[in-house]
Amino acid sequence: MAYSIEQLCELLGKAKAEIGKVIIGQDEVIDKALIAILTRNHALIEGVPGVAKTLLVRTLSRVLGCEFGRIQFTPDLMPADITGTNIFNIKANEFNLVKGPIFATFLLADEINRAPAKTQSALLQAMQERKVTIDCETHSLPDDFTVFATQNPLEYEGTYPLPEAQKDRFMLKITMPCPEFDDELMLARRTLGLDAPERVLEEGQVAAVVPAHELDQLREALLSVTVQDEMVDYVVKIIRATRSDESTMVGAGPRATQALILAARAYAAIQGRDFVTPDDIKAMAEPVLCLRIILRPEFEIEGMTVSEVITRTLQEIPVPR
Ligand SMILES: Nc1ncnc2c1ncn2[C@@H]1O[C@H](COP(=O)(O)OP(=O)(O)O)[C@@H](O)[C@H]1O
Ligand SMILES: [Mg+2]
């Protein structure tokens with residue numbers, strides 16, 4: 001049976017409390033990660049080294065009872081290194097499948113832009129289809145297969161930027177900032193003691209509050225969130241405005257429409273509300289749209305940013321009441 005919104009919020013509250021035993025602060029980041037999971041989507045996490053990207057995904061896996069996997073992308077990583085290969089077993093005179101690390105439920109694709117396009121697209125295809133093809137044979141990935149791909153915002157040299165078409169496969173971008181002063185103070189203090197973040201996770205002090213098989217029931221609860229026609233209309237207008245903006249070469253496509261409306265609904269539920277407001281849509285506009293807008297070179301040279309285009313769009317579209 002599907003959960004009610006109250007039950008969903010209660011469980012998410014418990015999940016956040018468990019995550020908070022390990023991850024200090026980063027509330028917005030955690031909300032966005034949960035939105036990607038609740039909508040059965042994938043997320044791109046951007047942040048400098050050491051802001052706990054890896055630790056966050058490991059913690060989420062624990063709390064939501066899902067198997068964690070990690071792939072470090074490198075320039076020499078081949079598609080078969082992630083998907084797996086058939087290896088000939090001489091004794092048995094047959095080929096045996098050795099599954100690659102992609103066969104996980106929550107997959108951390110670390111530094112995705114370090115691998116060449118062929119390997120990136122093997123991952124992106126698996127994200128889209130939740131299937132992997134090895135030597136003409138197709139294998140299913142878990143229904144909850146969720147990719148968190150990380151990207152270091154400062155590194156461009158020797159990297160392969162994700163093509164726009166592939167960025168579109170991610171529902172949203174999660175920007176993970178350095179901790180606030182008080183959070184960093186707490187991190188420093190805890191590092192000295194028995195409650196150092198990694199230690200808390202490794203010593204099993206974090207409970208799996210949502211068994212993996214109940215994730216679907218949580219997702220169904222989102223169906224009972226009211227999304228009025230005016231809100232749907234607002235989303236479509238925002239997305240379409242990005243296409244006609246004079247400074248954009250490529251605006252957001254229809255996948256962005258789907259991502260924005262779904263993200264806004266999940267965001268409302270996470271806040272404990274059973275209806276979507278314009279503020280939910282505005283809050284999700286930047287993380288959804290920043291992956292999908294490309295500026296015209298002349299505007300980029302002038303120093304215009306995608307964020308500015310998004311802000312301007314939100315100012316121009318009348319807010320439904
Ligand atoms: N907000 C935070 N909460 C808890 N631990 C943190 C936080 N920020 C940094 N850390 C600490 O820094 C370490 C670096 O984390 P890691 O997940 O490896 O970073 P990244 O994958 O972003 O490079 C963590 O394992 C943890 O000890
Ligand atoms: Mg890491």
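In this report Ala, Val, Leu, Ile, Met, Phe, Trp, Tyr, Cys and Pro count as nonpolar, Asp, Glu, Lys and Arg as charged, and the others, Gly among them, as polar. The structure described is a predicted model.

**Surroundings of ligand 1**

By these classes, the shell around ligand 1 consists of 9 nonpolar, 5 polar and 3 charged residues. Ligand 1 is surrounded by 17 residues, of which A52, K53, T54, L55 and P197 are the closest. Two or more residues of this shell are contributed by each of the elements α3 (53-63), α7 (181-191) and α8 (197-202). Helix α3 provides the largest share, namely 3 residues.

**Strand β5 and its partners**

Strand β5 spans residues 106-110, and 5 of its 5 residues are buried, so the strand is largely enclosed by the rest of the structure. In a regular strand, side chains alternate between the two faces of the sheet. In β5, F106, L108 and D110 point one way, while L107 and A109 point the other way, and all are buried.

Strand β5 pairs with β2 and with β8. The table sets out these two pairings.

| Strand paired with β5 | Sense | Bridges |
|---|---|---|
| β2 (residues 68-72) | parallel | 5 bridges |
| β8 (residues 146-151) | parallel | 4 bridges |

Individual residues can be followed across these pairings. L108 of β5 is the bridge partner of R70, and V147 of β8 is the bridge partner of L107. Of these two β5 residues, L108 points one way from the strand and L107 the other way.

Definitions and conventions:
Residues numbered from 1 in each chain as written. Chains lettered and ligands numbered in written order. Predicted model: local features only at pLDDT ≥ 70, side-chain atom pairs only at ≥ 80, totals over all residues. Near = placed C-beta within 6 Å. Buried ≥ 20, exposed ≤ 12 C-beta atoms within 10 Å, placed from the backbone. Pairing = 2+ DSSP bridges.
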